[in-house]
Amino acid sequence: MIKLPGANGVDSGSLPEEVVNRFRGLAALAAVLIILPAFLPNTFYVDVANRVAILAMNAIMLNLLMGYTGQISLGHAGFFGLGAYGSAILTARYNVPPLGGLILSAVVTALLSWAVARVILRLRGHYLAMATLGLGVIITIVLTNEAQWTGGPDGMPVGRFSVLGYSLAGERQWYWVFAVLLFATVVITQNLINSPAGRALQALHGSEVAATVAGVDVRRRKMDVFVLSATVSSILGSLGAHYFGYINPGIADFVQSTELVIIVVFGGMASIYGALIGAVIIGILPQFLAGYDGWDVVAFGVILAATMIFLPRGLVPSLAAAMRPKRGATC
Amino acid sequence: MLTVDHLSKSFGGIHAVQDVGFHIPAGSVYSVIGPNGAGKTTLFNLISGLYTPTAGSVKFEGAEITGIPPHSLARMGISRTFQNLQVCKNLSAIENVMVGAHSRLNSGMFAGMFRFPGIVRSDRACKERAVDLMTQVGCKAYIDAHASAMPYGALKKLEVARALASEPRLLFLDEPAAGLNHTETHDMALLVGELVRLGITVVVVEHDMKLVMNISHRILVLNYGQKLAEGTPEEIRKNPDVIAAYLGGDEDEE
Ligand SMILES: Nc1ncnc2c1ncn2[C@@H]1O[C@H](COP(=O)(O)OP(=O)(O)O)[C@@H](O)[C@H]1O
Ligand SMILES: [Mg+2]
């Protein structure tokens with residue numbers, strides 16, 4: 001067995017490069033999350049930050065599915081909507097405590113996404129895109145039409161979130177909840193990506209045949225990651241509903257799903273920080289265009305087209321590649 | 001080690017593999033030869049579970065494995081490479097090799113998400129082993145490379161390293177020397193010999209006759225999906241059917 005010279009970059013004595021980068025990224029994220037509130041002058045800005053955090057977590061989960069595993073989903077906001085309305089209905093009409101509503105909605109979403117995944121993950125490319133698009137549309141239609149449960153197109157109010165008698169109130173309290181969850185989401189997805197399970201997901205993206213011969217149960221892995229990302233989106237939907245205080249079917253619709261896809265593509269496929277930074281930019285963009293109704297959609301379109309042309313790998317991967325010092329002539 | 005019985009596969013009207021049977025003894029180098037389109041790759045796809053046979057059976061160490069999915073066969077100790085490269089271009093070279101060890105690692109989603117004890121250590125060991133394997137197959141120069149930046153010949157070897165990472169007892173190599181230069185082909189032959197010494201049974205599809213005759217213990221000759229001959233290199237060399245098919249195949253031309 002050949003022992004490795006340090007030049008191979010796999011030197012087990014010192015910390016490998018990717019471990020150092022990983023902690024650098026997490027430290028920067030933690031620092032930003034901790035000092036950010038001091039720079040947010042009023043609750044309006046805190047609210048924007050909270051919404052961006054929700055968007056970022058949703059985008060990270062979608063990137064796990066799309067960027068890493070290569071399974072497109074154009075209906076992902078639908079799962080967010082299921083969690084939101086599940087919690088809203090359970091707490092308002094059945095007096096279920098908020099945490100119970102969140103968990104129950106997540107379980108239902110997990111089961112539903114599992115059943116759906118069994119059927120649609122046999123599809124590939126455009127067919128999978130169409131099927132997930134259809135799923136999102138169906139969820140929106142149900143939320144709009146079942147007015148006796150959901151309040152129809154006008155939506156419905158959602159009560160406060162409380163656990164064990166402690167109730168969350170105000171943007172600033174929620175900020176810390178979302179900040180901690182966002183940090184945890186980044187850590188956990190990074191862990192996953194760097195584990196054998198995450199490698200298997202990326203491998204089946206690269207070559208399903210290679211992955212299956214290497215021992216990866218491709219069908220099961222696709223289902224696992226689909227159910228995981230749907231369930232997390234449902235949990236985010238539940239929290240979001242309690243935070244917003246009022247929800248309508250628009251939170252689950254095609255525009256929201258598309259926005260998530262744009263964030264992933266713009267920020268960078270198969271990049272966790274890409275999804276995060278994409279969410280920050282796409283999330284605060286409408287604030288600058290607040291006076292120009294409808295122009296945010298145009299801006300999204302322009303950003304997406306410009307990304308495809310100038311940064312085909314997305315913002316973060318392209319910047320990372322540009323900043324990385326050129327390696328020696330090993331390849 | 002492996003027994004194939006009356007194995008057939010047709011695609012629509014094409015009988016890609018027709019009623020083929022043979023036995024691969026443990027610890028041998030077993031070669032499958034035949035002209036392009038003879039059904040060699042299809043045979044590999046059938047044995048490795050990628051295709052379901054139209055008829056026939058495959059037994060691995062006495063156990064029926066027909067219909068078992070490829071990912072389960074990996075766990076049982078069967079691995080392979082591909083004639084048309086199947087490399088994950090979205091991963092680094094070394095990650096590609098590590099994917100090969102998938103069934104030997106704790107690959108649970110929650111284990112990965114929450115870094116269960118041992119998972120980091122075993123993954124590091126896996127990485128070190130991947131480095132060793134890349135060195136062994138002659139890919140040392142690409143240990144830090146991304147798969148998308150590697151030339152064809154190196155990817156060919158990378159696939160061998162990935163296949164070895166699963167610790168196979170039976171290894172199928174589909175045209176491992178195609179696209180390799182003289183020295184590399186020679187190295188590949190040495191590698192095959194080394195693998196057999198390590199106790200791996202190696203099955204090779206190869207067009208380089210000199211290489212085949214040199215390294216094989218037994219040879220199977222396919223032609224139009226059917227078994228034309230089977231035996232030791234000596235027997236194959238003398239077989240009149242093989243000589244006819246290889247030297248005077250005029251009657252088969254359209
Ligand atoms: N997936 C497939 N679908 C249809 N025909 C196929 C498929 N795979 C192989 N064939 C056909 O089967 C025959 C044998 O092909 P193959 O096994 O690739 O031959 P070899 O590897 O010996 O060159 C060819 O006629 C080929 O066109
Ligand atoms: Mg072939």
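This is a short talk on a metal site, a chain interface, some salt bridges and two single residues.

One thing before I start. The model is predicted.

Let's begin with the metal. Ligand 2 is a magnesium ion. Which protein atoms are its donors? There are OG1 of B:Thr41 and OE1 of B:Gln83. Both lie 2.0 Å from the ion. Now look at where these residues sit. B:Thr41 is in helix α1 of chain B, residues 40–47. B:Gln83 is in a loop of chain B, between β6 (78–80) and α3 (93–99). The two parts are 42 residues apart in sequence, so the pair ties them together. Are these donors buried, exposed or partly exposed? B:Thr41 has a relative accessibility of 25% and counts as partly exposed. B:Gln83 is partly exposed too, with a relative accessible area of 25%.

Next, the interface. Chain B puts 42 residues into the contact, and chain A puts in 42 residues. Together the chains bury about 3800 Å². Of that area, 62% is on carbon and sulfur atoms. How many salt bridges cross the interface of chain B and chain A? The rule finds one. A:Arg199 and B:Asp123 meet there through their side chains, at 3.0 Å from N to O. Polar contacts come to seven residue pairs across this interface, both partners at pLDDT 80 or more.

Stay on the chain B side. Which helices each supply at least two residues to the side that touches chain A? They are α2 (70–76), α3, α4 (109–113) and α5 (119–137) of chain B. The largest share comes from α5(B), with nine residues. By type, this side of chain B divides into 21 nonpolar, eleven polar and ten charged residues.

Now salt bridges more widely. Over all chains, a search of the whole structure finds twelve. I'll take three of them from chain B.

Start with B:Arg104 and B:Glu167. Their side chains meet in a salt bridge at 4.0 Å, N to O. This pair links distant parts of the chain, 63 residues apart. B:Arg104 is in the loop between α3 and α4 of chain B. B:Glu167 is in the loop between α6 (152–165) and β7 (170–174) of chain B. On accessibility, B:Arg104 is at 33% and counts as partly exposed. B:Glu167 is at 44%, and counts as partly exposed.

The next pair is B:Lys157 with B:Glu184. Their closest N and O atoms are 3.1 Å apart. What does this salt bridge tie together? B:Lys157 lies in helix α6 of chain B, and B:Glu184 in helix α7 of chain B, residues 182–197. Those parts are 27 residues apart in sequence, so the pair ties one to the other. Check the burial as well. B:Lys157 is buried, at a relative accessible area of 12%. The cut-off for buried is under 20%. B:Glu184, at 21%, counts as partly exposed.

Then there is B:Lys238 with B:Glu234. The side chains meet in a salt bridge at 4.0 Å, N to O. Both residues sit in helix α9 of chain B, residues 233–238. They are four residues apart, which is about one turn of the helix. B:Lys238 has 60% relative accessibility and counts as exposed. B:Glu234 has 39% and counts as partly exposed. There is a network here as well. Salt bridges with shared partners join B:Glu234, B:Arg237 and B:Lys238.

Two single residues to finish.

First, B:Thr201. It is found in strand β8 of chain B, residues 201–205. Is B:Thr201 buried or exposed? It is buried, with a relative accessible area of 1%. What is B:Thr201 in contact with, beyond its neighbours within four places in sequence? There is B:Met1. There is a run from B:Ile24 through B:Pro25, B:Ala26 and B:Gly27 to B:Ser28. And there are B:Arg169, B:Leu170 and B:Leu171.

Then B:Ile243. This residue lies in helix α10 of chain B, residues 240–247. B:Ile243 is partly exposed, with a relative accessible area of 34%. How far from B:Val58 is B:Ile243 in space? The gap is 29 Å, C-alpha to C-alpha. In sequence, B:Ile243 and B:Val58 are 185 residues apart.

That's the tour. Questions, please.

Conventions
Residues are numbered from 1 along each chain as its sequence is written. Chains are lettered from A and ligands numbered from 1 in the order in which they are written. This is a predicted model: local features need pLDDT of at least 70, side-chain atom pairs count only at pLDDT 80 or more; totals for chains, interfaces and linings use all residues. Side-chain values use heavy atoms; hydrogens and water are left out. Donors are N, O and S atoms within 2.8 Å of the metal (3.2 Å for Na, K and Ca); water is not among the atoms, so sites may look incomplete. Buried means under 20% relative accessible area, exposed over 50%, partly exposed in between (1.4 Å probe, protein chains only). Contact means heavy atoms within 4.5 Å. Buried area is the accessible area (1.4 Å probe) that two parts lose on being put together, summed over both. A polar contact is a pair of N or O atoms within 3.5 Å; within protein, one must be able to donate a hydrogen and the other to accept it, and residues adjacent in sequence count only if both atoms are side-chain atoms. Ala, Val, Leu, Ile, Met, Phe, Trp, Tyr, Cys and Pro count as nonpolar, Asp, Glu, Lys and Arg as charged, and the others, Gly among them, as polar.
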